[in-house]
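Student: Could you walk me through this model? I'd like to ask things as they come up.

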Amino acid sequence: MRGIALVAILLLAGFTPALGNSTAQQPDIVQEHWYHSYLTLTLDVQAWAEDYPEIVLLTIAGQTELGKNLWVVQISDWTQNTKPDGTQKEIVYIDGGHHGNEHLGTELAFLTAEYYIEGWGAGDQDVIDVLATTELHILIMLNADGNDIDTRWNLNQVDLNRNYDHYWNTCPTTQPGSGAFSESETLANSNYMNTVVPDADLYVTMHTGVWIMLYPWGKWPDQPSDWELFHGIRDEVHTNISDIPIQNANQGLYPNCGTSRDYGYGVMGFPTFTFETDDEQWLLGTVEPLSDRLGEELDVMKYLIDNVWYWRARLTIEEITIEDDVVNFDVVNDGRASTRNATLQYLNEETDEILWQSDNFTVNITSRISVSTNGFDYDNGVWRLSYQKRIINSAQWVNETVDELLVSIIKVEDDSFLLGYGLFNPLSMIMALSVVAILKPELSEVETSE
Ligand SMILES: [Zn+2]
């Protein structure tokens, strides 16, 4: 009924989509009420690229089975390759329209892109700050063939969101395809994840039919290993933005395998959400303006994007002291994900050979820990912190150089002297340093590396 009423409203009002003009964007009044087709989406994304060349790069991830382009809108301040502080920008990946009849999911992907593009155009300082530090990659309509005939499946009657290479076809499911990535749409999407955005710290895939956000797993009822991260996001969304239910997919919906969400987390190591935007499918338009109807959902997306820096472990070393052959250091985690199997390493600068490494350590989201490992007896190397961004096995490893200014070294050869001056008490470290330096320089080598 809603769709029919809408057609009548648009006809009465004299609006028709401007399909003949290859450069004109859809008028807002149409865009707000009439869901995108492949053609109108193509017009809109091309107009963005033309109007905002400094922040919009339009690229193609591949083609549908029928040869339609899989447009990806890449949004960032492209006049700068890095953040203002010279570090790598954060990366967000979003797709919509796996299921061709789930138009409101596709529209949320579109609205998210539009919010940042038009916000930039309007000089919105929050948007400018986000685009200075973050790249958004948004593939708005993955199943363009299915979208145009308002069907869930692609040309080959495959459910694209059961066609990914993560426990493919191991759940009671329908139409998973002849094999993982048998379809050009899913193969293109996984290629894009693996080659363009492997460093992403957020992946959201947009659907509709229920009002819920789903995190991994669909395959298993168990909570994912990074449950602290997902539960933390859930609690903040509920406290500050929306009452939308947020659950693991298997329990929140039903067991499902071969989904892009489980692939994104289990294989790529991204924090992933399936955003089910609304309880409606099938209709081609909406009487209520889209930006009102999906306003709350867009607010959740803004929160996830604006805070992407936090969706991983962010370890920093506060201080390293070496007392004889024992290395002591404190680690702080500023991110919202935990990490395991982290190590502090000492490397040969030329060969990268690991000369020494600490015992493995774990840092949870709220913890600061102290680590102590013996066996250090090296010179002329460099310090490196090595850890995974999240607990999931597939999470990316980061290797970060540790500033040598943090390192204090005390090498002592005469133990009896040391004991006599209480040097084994870490609290007296600085005092002891001075004592050794002044009183007994010929017995002890005291240095603070620069
Ligand atoms: Zn769906």
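**The open sheet and its surroundings**

Tutor: Let us begin with an open sheet of eight strands, whose order is β1-β2-β4-β3-β5-β8-β6-β7 with mixed pairing, where two strands count as paired if DSSP finds at least two bridges between them and where helices (H or I, at least four residues) and strands (E, at least two) are DSSP runs numbered from the N terminus. At the edges stand β1 and β7 (246-248), each with a single partner strand, so one side of each is left without a neighbour in the sheet. From one strand to the next the twist averages 20 degrees, with axes being lines fitted to C-alpha atoms, for helices over the stretch in contact, and angles running from 0 to 180 degrees between N-to-C directions.

Student: Before we go on, what kind of model is this, and how are the residues numbered?

Tutor: This is a predicted model, in which local features need pLDDT of at least 70 and side-chain atom pairs count only at pLDDT 80 or more, while totals for chains, interfaces and linings use all residues. Residues are numbered from 1 along each chain as its sequence is written.

Student: OK, and what does pLDDT average over the protein chain?

Tutor: The average is 87, and 85% of the residues score at least 70; pLDDT is the predictor's confidence in each residue, from 0 to 100. Over residues 1-23 the value is below 50, and this stretch has 26 contacts in the model beyond near neighbours in sequence, a contact meaning that the C-beta atoms of two residues, placed from the backbone, lie within 7 Å. Residues 416-450 also stay under 50, with 33 contacts beyond four places in sequence. Where pLDDT is low, the predicted coordinates should not be read in detail.

Student: Back to the sheet. Is β5 enclosed or exposed, and why?

Tutor: Six of the six residues of β5 are buried, so this strand is largely enclosed by the rest of the structure. A residue is called buried if 20 or more other C-beta atoms lie within 10 Å of its own, exposed if 12 or fewer, and partly exposed in between, with C-beta atoms placed from the backbone. L202, V204 and M206 point one way from β5, whereas Y203, T205 and H207 point the other way.

Student: Which strand does β5 run parallel to over five bridges, and what about β6 and β8?

Tutor: β5 pairs with β3 in the parallel sense over five bridges, V92 being the bridge partner of L202. Five bridges also join β5 to β8, again running parallel, and there T205 stands opposite T274. By contrast, β6 (residues 211-215) and β8 (residues 272-277) are antiparallel over four bridges, and I212 has E276 as its bridge partner in β8.

Student: Which strands does α4 lie across?

Tutor: Helix α4 lies across β1, β2, β3 (90-96), β4 (134-139), β5 (202-207) and β8, and runs at about 145 degrees to β3. E118 lies in this helix and counts as partly exposed because it has 14 C-beta neighbours inside 10 Å. Although E118 and W48 are 70 residues apart in sequence, they are 9.3 Å apart in space, C-alpha to C-alpha.

Student: And what is buried in α3?

Tutor: In α3, the buried residues are Y38, L41, L43, D44, V45 and W48, and they pack against β1 (56-63), β2 (69-75), α4 (103-121) and α6 (144-148). In helix α5 (residues 125-133), V127, V130, L131 and T133 are buried, packing against β2, β3, α4, β4 and α12 (295-306).

Student: New topic: which residues have unusual backbone geometry, such as a cis peptide bond or a positive phi without being a glycine?

Tutor: A cis peptide bond, with omega about 5 degrees, joins P216 and W217, and W217 lies in the loop between β6 and α8 (227-240). D150 has a positive phi of about 55 degrees although it is not a glycine, and its place is in the loop between α6 and α7 (184-195). D352, also not a glycine, has a positive phi of about 65 degrees and is found in the loop between β11 (339-348) and β12, where it is exposed, with 11 other C-beta atoms within 10 Å.
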